[in-house]
Amino acid sequence: MISFWQRPHSRFSDQRVELITDPGRFLSQVGNLWTSTIDLGHIQASQFVGYLFPMGPFFALGDALGLPVWLVQRFWIAAVLAIGAWGVVRLVEGLLSARTHSAAFIAGLIYITGPFITIGLNRGTSWLLAAALLPWLLLWTQRGIARGADWVAAAAVALLMTAASGGLNAAVVFWLLAAIVLLDLFEAATGPGLRAVLAFGWRLDVRPSNWKEAAPCRWPV
């Protein structure tokens, strides 16, 4: 409820002005390769296409329901914060040998009240979406390594990476992948071992053979 207490009835430009003013029209045009609405026409940038999911449909649904823009923004912020906190709780419970609910709750609280989250609320929530989905990326990575032959976990990581990297630049995607690699190293040293890590990495299709001759990135993005 904290997100609704901050300046009620006031809206702000969150990344794309077009998405805030007319989300339905934005979604109908953002999928096109060419647009004639800006700068006498130009090719759509990749960051525009990134808002097709999940931010675009969320705002379009709120607009279709007749909700004020400021209220849709508050629901979006609340959803992002809740997803991030819940993800940290589940991740801590999964990594700890004992299900310590108090430790998981404290970790989730610290996560959503940290400097990056509080500053990101004023800079654009698409950055916060990546931070909110990071715990879930790590959780499904840990599950995939632990379960071995699990294509469900690999598919979940791919979908989460797609949702987390929408509307952002390559730097954010790089740090998301770096977090996954660090968890892989941790699991290889203390968990199921290197064989399980490599088996799950194969299911994500990130084998070194796919990196030859500057081939396009085969990460699930």
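Select Phe58, Phe59 and Trp76: ring pairs link these three residues into a cluster. The model on display is a predicted one. A search of the whole structure finds five aromatic pairs. Begin with Phe58 and Phe59, whose rings form an edge-to-face pair, with 6.2 Å from centre to centre and 65° between the planes. Is each of these two residues buried or partly exposed? Phe58 is partly exposed, at a relative accessible area of 29%, whereas Phe59 is buried, at 3%.

Keep Phe59 selected and turn to Trp76. These two residues form a tilted aromatic pair, in which the centres are 6.1 Å apart and the planes stand at 50°. The pair links distant parts of the chain, since Phe59 belongs to helix H5 (residues 55-64) and Trp76 to helix H6 (residues 69-95), 17 residues apart. Both Phe59 and Trp76 are buried.

Next, display H5 and H6 as whole helices. Two packed helices are described by the angle between their axes and the distance between the axes. The axes of H5 and H6 come within 9 Å and cross at roughly 140°. Why is the arrangement of H5 and H6 called oblique? Angles over 145 degrees would count as roughly antiparallel and those from 65 to 115 as roughly perpendicular; the crossing angle of roughly 140° falls in neither range, and H5 and H6 are therefore oblique to each other. The handedness of the H5 and H6 crossing is right-handed.

Now select helix H3, residues 23-30. Which residues of H3 are buried? They are Pro23, Phe26 and Val30. Looking down the axis of H3, one finds these buried residues within an arc of 55°, so they line one face of the helix. An α-helix has 3.6 residues a turn, so residues three or four places apart point the same way.

For a further local stop, select Trp140 and Arg143. What sits over the ring of Trp140? The charged end of Arg143 does, 4.9 Å from the centre of that ring.

Finally, clear the selection and colour the protein by secondary structure. The protein contains twelve helices and two strands. Followed along the sequence, these elements give the pattern α-α-α-β-β-α-α-α-α-α-α-α-α-α. A last view may be coloured by accessibility: 43% of the 221 residues of the protein count as buried, among them Phe59 and Trp76 of the aromatic cluster.

Methods:
Residues are numbered from 1 along each chain as its sequence is written. This is a predicted model: local features need pLDDT of at least 70, side-chain atom pairs count only at pLDDT 80 or more; totals for chains, interfaces and linings use all residues. Side-chain values use heavy atoms; hydrogens and water are left out. Buried means under 20% relative accessible area, exposed over 50%, partly exposed in between (1.4 Å probe, protein chains only). Helices (H or I, at least four residues) and strands (E, at least two) are DSSP runs, numbered from the N terminus. The arc is that of the directions from the helix axis to the C-beta atoms. Rings of Phe, Tyr and Trp (its six-membered ring) pair if their centres lie within 6.5 Å; planes under 30 degrees apart count as stacked, over 60 as edge-to-face and the rest as tilted. A charge sits over a ring if NZ of Lys or CZ of Arg is within 6 Å of the ring centre and within 35 degrees of the ring normal. Axes are lines fitted to C-alpha atoms, for helices over the stretch in contact, and angles run from 0 to 180 degrees between N-to-C directions. Angles under 35 degrees count as roughly parallel, over 145 as roughly antiparallel, 65 to 115 as roughly perpendicular and the rest as oblique. A crossing is left-handed if the near helix is turned anticlockwise from the far one by less than a right angle, and right-handed if clockwise.
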